[in-house]
Amino acid sequence: MSDDTIRLVTIGRIISRRRRLLAVLAVVGALVGYGASLLFPPSYTASASVLLPGQWEERELLTQVDIATSSTVVDRAAATLGWTGVSGRDLRDRVSAKAADGNIIMISGTADTPERAQQLSDQMVQQFVAFAARLVGDNTDPEAAARPEALRQMVVQTSRRITELADAAGPGRTVESVQTRTELAKLRTALQEAVKKLDQAAPTPNKANMVVMGPAARPVGEAPPTRTQLVVAGALLFFLLAVIGHLTAARMSRRLRAEPEIAAALGSSLLGTVDVPEERPAHRPEGHGPRARIRRLLGLDVRWDVPTPRMSGDETGRQIRYRRVCARLRDQLPGARRLLVVVPDGDETARRAAGQLVTEAGSDPSPASSSRGFPVLRVVGVSVDRPMVPDRDDESGALVVLSAGSWTAGELTGLAEACADARHEVVGIVLAGTIRARPTRAADRPRDAATPALAVGDDATGGSG
C-alpha cells in the first residue's frame, strides 16, 4: 500500500470494511457540529433595495456601495436604533451592501432576531438615502441652488432686450443698421449657447432622488451556517478525516508485502504460498475483554488494507499447494523427521494454514521408507512483541508460516533471532493468503479438517512447554 497509487477501489474498500467505525465517527462529528451550534447563537439577515434613477456608471455604483456601508451611515443608524450596548463599531460587521442589475443597491443587516434584522436593514437604507442626498446638495445652501435659475432669467431678459434693439435699428436700409443687427444676432446666439452649456453642466436632479423599494422583509429562517448545516458539516468532516487517516496510515505502513523483503528479513528462502478459505465473521475466534468487544463492534478486527480475496478453484487445488510445500521440505531435508512450525500470534490466516500443513504432513502419500516421508510438524505460536521459541529438542529446524502484509521487517527479524537463540535454523518460509471458497461445489475434504490437526499441534506445544 505504501508504494501504490490511491485508487477509488481503495476508498471503496475502506468504506466497505470500516463502515461501522465510519458511521460512529460521523455521529461523533454530528454531535460536535451540534455543540458548535450551541456556542454560536442563531442569526438572521434582512435585505432592502434602493433604486438609483438616471444613468449611472459602474464606478459610480461602487462608490454608492461604499457610501452605504461607510462609518458615517452606520454610526447614524446605530444612534437612531438606540440598541443597548450596540455601537456603530459593533454594527459594521453586521451590515453589507452590493450593486445589483438595474442600478439597484442591496443593503443587508444581520441581527440575533428577525425583528432586529428588519429594523437594522430599514434604518441603514434610510440613513444611506439621506446621506447621499445631502452629498448631492438637496439639503445644503438653498441660495446656491437658486443662482443658476436667476442667471437663466437674466439671460432671457437680455435676449429680449437684444431683439428690441434690433427692431429699433430699422429695417436695415443703411450699412450701419445692417452691421448693428448682425452684431446683435451674434450676441443673442452666444447667450443661447451659454445657457445650453449651463444646463449641461448643472447636476441632474434625478440622481438625488433615490427610491426605496419598500421595507425589508422579515426573515423566516436563520442565516448560514444554520444548526443543520453545522451538524452535516461536522459529520462529513469527521467522515473524511477518518478516510484520510486510513489512507495516511496505509501509506506510512512499514509492513512487508513483497516476498523478497520477507525472505530477507527472516534470512531464509520461500518454499511456497498456500491458500486458506475466508472465514465468516461468526467463526472468528472470540476475544476477551472490553477492548476486544469494542474492536468487534466497530469492525476493527477485519483488515481493510488487504485486497479482496480472489475466488478459489476447489479443495483439490488447495491441497496440491500444501503437498508441494511438504514435498519441498522433504527434498530439502531428506533426513529430517521433525520440524517446528513457527506462527506469529495474531495471524489467524497463518495459524489455519499451519494446521492444514500439519494435516497434509500426517497424511503422507509417499512410500513407507523412513527416509523419504514427510517430516512431522509441530505448531507453536510466538509473540512478535517478545518472541520466545521453545528450545531445540529433536527438531531439524523451524518453518515460519505467516501472511503477507501483517508484519514489519523489525518484527520478522526479531522472530528469526528468537529461532536462532533456541538453536533452530529457519529452513523455509510459507506465505498464507485468503481466498473465497466456492459454496456450490462439494469439497473433497471437510472444510474444518484442519481443526483437529491444529488442536494436536497446540497440545504438543503445551506438552513441550
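A salt bridge is counted here where a side-chain nitrogen of Lys or Arg comes within 4 Å of a carboxyl oxygen of Asp or Glu, and with that criterion the views below, all drawn from a predicted model, can be read.

**Figure 1. The side chains of R59 and E57 form a salt bridge.** The nitrogen-to-oxygen separation of the pair is 3.0 Å, which lies within the 4 Å allowed for a salt bridge. R59 is exposed, its relative accessible area being 58%, whereas E57, at 44%, counts as partly exposed. The structure as a whole holds nine salt bridges, and the next two views show further examples.

**Figure 2. A salt bridge joins the side chains of R92 and D75.** Nitrogen and oxygen are 3.6 Å apart in this pair. R92 lies in the loop between α5 (88-91) and β2, while D75 belongs to helix α4 (residues 71-81), so the pair ties together parts that are 17 residues apart in sequence. Both partners are partly exposed, with a relative accessible area of 39% for R92 and of 34% for D75.

**Figure 3. D394 and R338 meet through their side chains in a salt bridge.** The distance from nitrogen to oxygen is 3.2 Å. Because D394 is located in the loop between β8 (376-382) and β9 (398-403) and R338 in strand β7 (residues 338-344), the contact ties together parts that are 56 residues apart in sequence. D394 counts as partly exposed at 45% relative accessibility, and R338 is likewise partly exposed, with a value of 27%.

**Figure 4. Helix α2 (residues 19-39) packs against helix α11 (residues 290-298).** The two axes are 7 Å apart and enclose an angle of about 95°, so that α2 and α11 are roughly perpendicular to each other, a description that applies to angles from 65 to 115 degrees. On the α2 side the meeting residues are R20, L21 and V24, and on the α11 side they are R296, L297 and L298.

**Figure 5. V24, V28 and V32 make a nonpolar surface patch.** The patch covers about 200 Å², and one of its members, V24, is also among the α2 residues that meet α11. V32, another member of the patch, is found in helix α2 and is partly exposed, with a relative accessible area of 43%. For the protein as a whole, the exposed surface comes to about 27,100 Å², of which carbon and sulfur atoms supply 55%.

**Figure 6. A409, in helix α14, is shown with residues that are distant from A409 in sequence.** A409 and E261 are separated by 148 residues along the sequence, yet their C-alpha atoms are 7.9 Å apart in space. When neighbours within four places in sequence are left aside, A409 is in contact with R254, L256 and A265. A409 itself counts as partly exposed, at 33% relative accessibility. In the protein overall, among contacts between residues at least 6 apart in sequence, 84% join residues at least 24 apart.

**Figure 7. N103 and R423 have positive phi values although neither is a glycine.** For N103 phi is about 55°, and this residue sits in the loop between β2 (95-100) and β3 (104-111). For R423 phi is about 65°, and its place is in the loop between α14 (409-421) and β10 (426-436). The surroundings of these two residues can be set side by side: N103 is buried, with a relative accessible area of 18%, which falls under the 20% limit for that class, whereas R423 counts as exposed at 56%, over the 50% limit. Buried residues make up 37% of the 465 residues in the protein.

**Figure 8. A cis peptide bond joins P224 and P225.** The omega angle of this bond is about 0°. P225 is placed in the loop between β4 (211-212) and α9 (227-252), within a protein whose secondary structure comes to 15 helices and ten strands.

Note on methods:
Residues numbered from 1 in each chain as written. Predicted model: local features only at pLDDT ≥ 70, side-chain atom pairs only at ≥ 80, totals over all residues. Heavy atoms only, no water. Patch = residues over 30% accessible without salt bridge, like charges linked within 9 Å, V, L, I, M, F, W, Y side chains within 5 Å. Areas by Shrake-Rupley, 256 points an atom, 1.4 Å probe, with all protein chains shown as cover. Helix = DSSP H or I, 4+ residues; strand = E, 2+ residues; numbered from the N terminus. Buried < 20%, exposed > 50% of the residue type's maximum accessible area, 1.4 Å probe, protein only. Axes fitted to C-alpha atoms, helices over the stretch in contact; angles between N-to-C directions. Parallel < 35°, antiparallel > 145°, perpendicular 65-115°, else oblique. Contact = heavy atoms within 4.5 Å.
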